[in-house]
Amino acid sequence: IPGPLLDRMEIIEVSSYTENEKFHIAKDHLLAKQFEKNGVADGKLKITDKALRMVISSYTREAGVRSLERQIGEICRKAARRIYEGDEKMIRVTGTNLEDFLGKPKYRPEKKNKKNEVGIVRGLAWTSVGGVTLEIEVNLMPGKGSVVLTGKLGDVMKESAQAAISYIRSQSRKYKIKQDFFEKHDIHIHIPEGAVPKDGPSAGITMTTAVLSAITGNKVCGNLAMTGEVTIRGDVLMIGGLKEKLLAAKRLGITKVLVPKSNEKDVKEFEEEVVEGLEIVYVKTMTQVIKEAFVH
């Protein structure tokens with residue numbers, strides 16, 4: 001939209017649905033709509049709550065419910081055919097037999113790190129399909145001080161990595177890093193799922209923590225995720241898409257999340273469902289981030 005025209009509009013941001021919201025939309029509206037559309041008579045098909053939640057988490061990945069409605073429609077069509085052919089009079093779809101209707105799950109649920117590790121940190125990102133978690137890995141190799149970035153990173157994310165290195169180099173004495181360390185080692189930063197494009201500044205503190213962990217040998221807490229932009233002075237700046245990011249952390253089973261202090265007002269506006277069960281720690285500087293992230 002051209003700038004002058006956009007200036008005359010009011011912008012309304014619509015965030016993605018939570019898994020719980022999708023579940024209630026499907027149960028209260030989509031099921032009845034698809035039963036009628038596909039000619040499934042009342043009482044002939046029963047989709048359990050567990051099966052419905054599995055459809056949401058393992059067969060769709062989206063901000064809305066369009067794919068979810070399509071998957072429910074597919075279940076209805078297969079059930080209608082079985083009933084029409086006389087194989088079964090009443091069909092019950094459960095978590096156990098869901099694969100008979102939809103095939104193998106398209107998405108495997110991610111899992112949080114089972115143990116504390118060196119050079120591996122869990123970040124949070126916002127995408128067009130909602131919040132996701134990014135596991136950032138760092139390796140050190142003998143070399144001449146080059147920084148290698150892989151994982152289909154955009155320009156802004158590459159700049160965040162450079163800012164992370166600049167901050168750590170400027171704080172070498174504080175973190176007891178040898179003066180010639182960066183001249184004798186190469187640093188490789190990788191974000192898995194290399195085919196998926198990633199961009200934005202919000203992985204700044206995650207990359208800084210991962211690099212510092214690899215250099216110092218300190219382990220990072222496995223039950224931890226973080227998001228925030230970092231400056232070369234080590235300040236943590238505000239980020240967007242926080243609601244989706246917190247939901248991604250919850251989906252993974254993570255209970256502790258580091259969030260920029262400047263985003264505190266946003267968190268207070270979220271529904272209880274979003275923040276329930278999460279320990280949210282507000283951070284202003286990388287010193288605070290390292291204190292919370294490293295296992296002492």
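Modeller: Partly exposed means a relative accessible area between 20% and 50%; under 20% is buried, over 50% is exposed. The model here is predicted.

Biologist: Why is Glu-85 called partly exposed?

Modeller: Its relative accessibility is 44%. That falls between the two cut-offs, so partly exposed is the right label.

Biologist: Glu-85 pairs with Arg-81. What makes that pair a salt bridge?

Modeller: The closest N and O atoms of Arg-81 and Glu-85 are 3.0 Å apart. The cut-off is 4 Å, so the pair counts.

Biologist: And Arg-81: why is that residue called exposed?

Modeller: Arg-81 has 56% relative accessibility. Exposed needs over 50%, so Arg-81 qualifies.

Biologist: How do you know that Lys-243 is buried?

Modeller: Lys-243 has a relative accessible area of 12%. Buried means under 20%, so the label holds.

Biologist: What makes Lys-243 and Glu-271 a salt bridge?

Modeller: Their N to O distance is 3.5 Å. The limit is 4 Å, so the pair is a salt bridge. Lys-243 sits in helix 9, and Glu-271 in the loop between helix 10 and helix 11, 28 residues apart. Glu-271 is partly exposed, at 33%.

Biologist: Which parts does the salt bridge of Arg-251 and Glu-19 tie together?

Modeller: Arg-251 lies in helix 9 and Glu-19 in helix 2, so the bridge ties together parts 232 residues apart in sequence. The closest N and O atoms of this pair are 4.0 Å apart.

Biologist: How many salt bridges does the whole structure hold?

Modeller: The search finds 13. Lys-261, Glu-264 and Lys-268 are linked in a network of them.

Methods:
Residues numbered from 1 in each chain as written. Predicted model: local features only at pLDDT ≥ 70, side-chain atom pairs only at ≥ 80, totals over all residues. Heavy atoms only, no water. Salt bridge = Lys/Arg side-chain N within 4 Å of Asp/Glu carboxyl O. Helix = DSSP H or I, 4+ residues; strand = E, 2+ residues; numbered from the N terminus. Buried < 20%, exposed > 50% of the residue type's maximum accessible area, 1.4 Å probe, protein only.
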